[in-house]
Amino acid sequence: METPAFLPADRLQALLELLTDDGYRCVGPRIRDGAVLYQTLDDADQLPRGVQVQQSPGRYRLEQTDSPRRFAWANGPQALKPLTFAPHEELWVGELQADGSLIFHDAVRQAEPVAVIGVRACDLAALSLQEQHFLQAAPDPYFRERRRQLLLIAVHCTHPSDTCFCAHTGDGPEARTGFDLSLYETDTGYFVTAGSPAGERLLARLPLEPGDAGRFDTACDEVHAAAARQTRDLPTGNLQADLFARLDHPRWQEVAERCLSCGNCTQVCPTCFCHSEQEVPDISGTRSSHQRQWDSCFSPGHSYIHGITLRQDTASRYRQWLTHKFGSWHSQYGRSGCVGCGRCIAWCPVGIDPTEELHAICTEVKAT
Ligand code: SF4
Ligand code: SF4
């Protein structure tokens, strides 16, 4: 790759100002409640300078360092998912008219333009999977409208956590596609590349300096080193046949004895798209709001059909989560539903690690 131009760290504010001038609400990583969360960003000084993240099964802790870097953290509990697939929203409204007829109003709203800075490669891959679902398999106007208004500025990851395995799934830590702009972070600034026509236009207006080839090589080496530091992996290949061959494996019951069926893993997973819908009538009885919220294969209602909850125990719910995410997802979307972000490992309150469970179940299958 030709050496990209360089944006000195003290000019990052210029990028935010350009985006604001173009009508975007800027969103970026900020510290809240002891975690790195995507929030509205008014000033580059609000970025988490020197903050790094320690993650392990059931554990997530911030660590303040002397580093001048603002993107040296591994992912927080959020991905891009809430920005395109709302955790809770109204889909349509039905209203009773004076003549007894019913009128339905669609609740698709004009989405605001949002520019996200600091997007990780794993989350771009997850967004691409959500696009396969919400733009192709089950076209959704609510998702489409928000996605249309999203501008994405990736930062290649140099500080993965112990829970990350994006290098193994092939989704990171370097962002290869799906961004408008991408930044290679160094201590003094950013090498900037464009990934779309919108990114090219933005790049042309930034106060950039010529990039130094040697320093760019060092920045790339840091990203490659981040890949090499990852230790977790999955059993290789398409696990669909292996998983469905072992629906009665004793490991499902063993993991169920630890699992709280809380659904944290599915809520933090950037690719999970299951949801439920409900009618919320108002007290007058003349208006009803049809609403959608995120659901989880761990909730009893998720498998409730015609008066029966099909998956009554935790073992069958945990099995549903893994056999879909790592198994039948291949038939639906041509790959597994996992991008190796590791969130389900860090945010599981009892530290259950799907990579460990899959090795226990599928490695044995391969040996028989
Ligand atoms: S299954 Fe876990 S590691 Fe894979 S994408 Fe979902 S949260 Fe991330
Ligand atoms: S695996 Fe962990 S996060 Fe997922 S439902 Fe069970 S206890 Fe909750």
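A residue counts as buried if 20 or more other C-beta atoms lie within 10 Å of its own, as exposed if 12 or fewer do, and as partly exposed in between, with C-beta atoms placed from the backbone. By this rule, buried residues make up 39% of the 368 residues in the protein.

The model is predicted: local features need pLDDT of at least 70, side-chain atom pairs count only at pLDDT 80 or more, and totals for chains, interfaces and linings use all residues. Residues are numbered from 1 along each chain as its sequence is written, while chains are lettered from A and ligands numbered from 1 in the order in which they are written.

**Overall form**

The protein has 13 helices and 15 strands; these are DSSP runs numbered from the N terminus, helices being H or I of at least four residues and strands E of at least two. Its C-alpha trace spans about 65 × 65 × 35 Å along the principal axes. The radius of gyration is 22 Å, which agrees with the value near 21 Å for a compact globule of 368 residues; the radius is taken over C-alpha atoms, and the globule rule is 2.2 Å times the number of residues to the power 0.38.

**Two domains**

The domain assignment, automatic or from a database, gives domain 1 (5-228) and domain 2 (240-367). Their centres, taken over C-alpha atoms, are 25 Å apart. The contact between them takes 39 residues from domain 1 and 31 residues from domain 2, where contact means C-beta atoms, placed from the backbone, within 7 Å. On the domain 1 side, strand S5 (59-64), strand S6 (88-96), helix H3 (121-137) and helix H5 (166-169) are the elements that give two or more residues.

**Strands S12 and S13**

Strand S12 (residues 275-281) lies largely in the open, because zero of its seven residues are buried. Seven bridges join S12 to the antiparallel strand S13 (residues 287-294); strands pair if DSSP finds at least two bridges between them. Pro-281 stands opposite Ser-288 in S13. The hairpin has five residues between its strands, and Gly-285 takes a positive phi near 80 degrees.

**Ligand surroundings**

A residue is near a ligand if its C-beta atom, placed from the backbone, lies within 6 Å of it. Ala, Val, Leu, Ile, Met, Phe, Trp, Tyr, Cys and Pro count as nonpolar, Asp, Glu, Lys and Arg as charged, and the others, Gly among them, as polar.

| Shell | Nonpolar | Polar | Charged |
|---|---|---|---|
| Ligand 1 | eight residues | three residues | two residues |
| Ligand 2 | nine residues | three residues | no residues |

Of the 13 residues around ligand 1, Cys-269, Cys-338, Cys-341, Arg-343 and Cys-344 come nearest. The residues around ligand 2 include Cys-259, Cys-262, Cys-265 and Cys-348.

Notes. Contact = placed C-beta atoms within 7 Å.
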